[in-house]
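Biologist: I'd like to learn how to read ring contacts and pockets in a model. Can you take me through them?

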Amino acid sequence: METLSGIKATRLALADTSDGVDDANFDEKTANATVLRLFKEVEWIELVLKNIAKFEAGETVPLDSSEVCVAGRDAKVEAFAKTLENEINISIRDADAAFSALHFREALMAGFFTLQAARDRYRKVCMSLTVPMDAALVKRFIEVQALLLCPICPHTCEHIWQLLGNSESIMTARWPEAGPVSEQQLAAGHYLEEVESELRKRISKAQSRKNMPSPQRVVLFVASEYPGWQAKILTYLKEKYNSSASTHAEQFPDMKLISQTFKNDPDMAQHKKLLMPFVAMKRDEAQNKGVTALDLTVSFDEMTVLKENSEYLSVIFGMPVDVRPVDEADDKDRVDQERQRYSSQGEFGDVNYNSNGKEGDNMKEKL
């Protein structure tokens, strides 16, 4: 396999096999994809480091929407930059733990794939808003990625280390130190990603409707709390949550038991059709996010996060995105129904079809 893919791709593909009891099969597709991925990454690093060197020397770096544009930190993307800082620190922490346990697949995931995904999100935002990436943050990312990937792909990382201007080998470098992690900032960043993903799906659905004009704007309504019946369910699920259970199914009571518990509850009388779907949805969220998925409040201000990033959302969707408190909704009854349907305390909205782009009360697609 080494002769087909090269030693770098072979080592990475081997690390990506299995840490558990699954068959640790070498995947040629992973090896082949790695050849191109590593080549493109090194190519990007070479270009962006040239611009960073110019910026640090006081030279003018052209400001454009390219993926290698750097300068000082721009306030427009401050929240996204802080999220990347957090992701870098988490990657250091998780990769260290994985290597210590000889879990090379987890180490590769933390130090390469997850870290690159975080960088890609930050880079995409900067390119969308035509603002430069933070030169110091990008350099920090490149340095940390090289150190975390070095045990698996030492030759590539040695080359990157030299590109960073280091005279000594990366083999003599110390393991990077992880800074503090702001769980609040991290949660806000992930929340914005979820909103963007959900909006993209719903706008796409609205645009695919036949005999309807193209959507002109998006209105996001944000609620500060769950409806009473949902709050009661979340409180119950959190009380019954078993964090020490060996399987996800054992973390919560049986679905039939939950159904029987709320069967005759007067607060659930008008929401029987929505009761169990909501329970199932929150159980699934808890599998990914842990018990925090059952909290009645979040650690950040949803309204502030959405308003601060409404310009970014407007740019990527090509239409105005307006953020309002749910109390300002025109059709309160319809909005209350939406609050019952979706898990977030806040975000959902309307796609307005009026051809003149003005707010109207007809032809609205539920988001």
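Modeller: We'll go through the aromatic pairs, then the charges over a ring, then a pocket. Keep in mind that this is a predicted model.

Biologist: How many aromatic pairs are there?

Modeller: Ring centres have to lie within 6.5 Å to pair. The count here is nine aromatic pairs. Take Phe-99 and Trp-175: their ring centres are 6.0 Å apart and their planes sit at 90°, so this pair is edge-to-face.

Biologist: Which parts does that pair tie together?

Modeller: Phe-99 belongs to helix H4, while Trp-175 is in the loop between helix H7 and helix H8, so the pair ties together parts 76 residues apart in sequence. Ring pairs also bring in Phe-104, making a cluster with Phe-99 and Trp-175.

Biologist: Is Phe-99 buried or exposed?

Modeller: Buried means under 20% relative accessible area, so Phe-99, at 15%, counts as buried. Trp-175 has 32% and is partly exposed.

Biologist: Which charged ends sit over the ring of Trp-44?

Modeller: Arg-119 has its charged end 4.5 Å from the ring centre of Trp-44. For Arg-123, over that ring of Trp-44 too, the distance is 5.2 Å.

Biologist: And what about the second largest pocket: what lines it?

Modeller: The general idea is that rolling a probe the size of a water molecule over the atoms shows where empty space is left. Here, the second largest pocket holds about 220 Å³ of space. It has 14 lining residues, and among those closest to its centre are Ala-79, Gln-185 and Glu-308. H8 gives the most to this lining, with five residues. By class, the lining has six nonpolar, six polar and two charged residues.

Conventions. Residues numbered from 1 in each chain as written. Predicted model: local features only at pLDDT ≥ 70, side-chain atom pairs only at ≥ 80, totals over all residues. Heavy atoms only, no water. Phe/Tyr/Trp six-rings, centres within 6.5 Å; stacked < 30°, edge-to-face > 60°. Helix = DSSP H or I, 4+ residues; strand = E, 2+ residues; numbered from the N terminus. Buried < 20%, exposed > 50% of the residue type's maximum accessible area, 1.4 Å probe, protein only. Lys NZ or Arg CZ within 6 Å of the ring centre and 35° of its normal. 1 Å grid on protein atoms, 1.4 Å probe; cavity = no way out; pocket = protein on both sides within 12 Å on 5 of 7 lines; lining within 4 Å. Points joined across faces, edges and corners; volume = space filled by probe spheres on them. Nonpolar A, V, L, I, M, F, W, Y, C, P; charged D, E, K, R; others polar.
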